[in-house]
Amino acid sequence: MAKKKPDDDLDMTTSFADMNVDGFKWYNPKAKKQNDMKKVKTKVTRKEYWAMVRGAFAAIAPFIIISVVVFGLVFLLAYFWLK
């Protein structure tokens, strides 16, 4: 049997919550200032912005269309049933 390699895709550097909390033994009051300096703001061009907007609408459009069609069918069924 061959040994299995450890998962290389595991990301150990990304943090989702700030663990630098006052009272923990690893608390560093200067760390917040250091992290703020590391953040780099990226500029999004006008073309990229509108591409993101179109992508968002393309993702939401099927749900909106299905909702409108279902509402229309329910309205028509109610109209013919109560006629």
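This is a short dialogue on reading the helices, surface and aromatic pairs of a predicted model.

Visitor: What should be known about the model beforehand?

Guide: The model is predicted: local features need pLDDT of at least 70, side-chain atom pairs count only at pLDDT 80 or more, and totals for chains, interfaces and linings use all residues. Residues are numbered from 1 along each chain as its sequence is written, and side-chain values use heavy atoms, with hydrogens and water left out.

Visitor: How many helices and strands does the chain have?

Guide: Helices (H or I, at least four residues) and strands (E, at least two) are DSSP runs, numbered from the N terminus. Here the chain has two helices and zero strands.

Visitor: How many Å should helix H2 span?

Guide: The expected span is 1.5 Å times one less than the number of residues. For the 36 residues of H2 (residues 46-81) that gives 52 Å, and the end C-alpha atoms lie 51 Å apart, which agrees.

Visitor: Where does H2 bend?

Guide: A bend is the angle between axes fitted to the seven residues ending at a residue and the seven starting there. H2 bends by about 40° at Ile60, and Pro62 follows within four residues.

Visitor: What percentage of the chain is buried?

Guide: Buried means under 20% relative accessible area, exposed over 50%, and partly exposed in between (1.4 Å probe, protein chains only). Buried residues make up 4% of the 83 residues.

Visitor: How many aromatic pairs are there?

Guide: Rings of Phe, Tyr and Trp (its six-membered ring) pair if their centres lie within 6.5 Å; planes under 30 degrees apart are stacked, over 60 edge-to-face, and the rest tilted. The count comes to two aromatic pairs. Tyr49 and Trp50 have ring centres 5.2 Å apart and planes at 80°, so this pair is edge-to-face. Tyr79 and Phe80 also form an edge-to-face pair, with 5.4 Å between centres and 65° between planes.

Visitor: Are Tyr79 and Phe80 buried or exposed?

Guide: Tyr79 is partly exposed because its relative accessible area is 45%, whereas Phe80, at 54%, is exposed.
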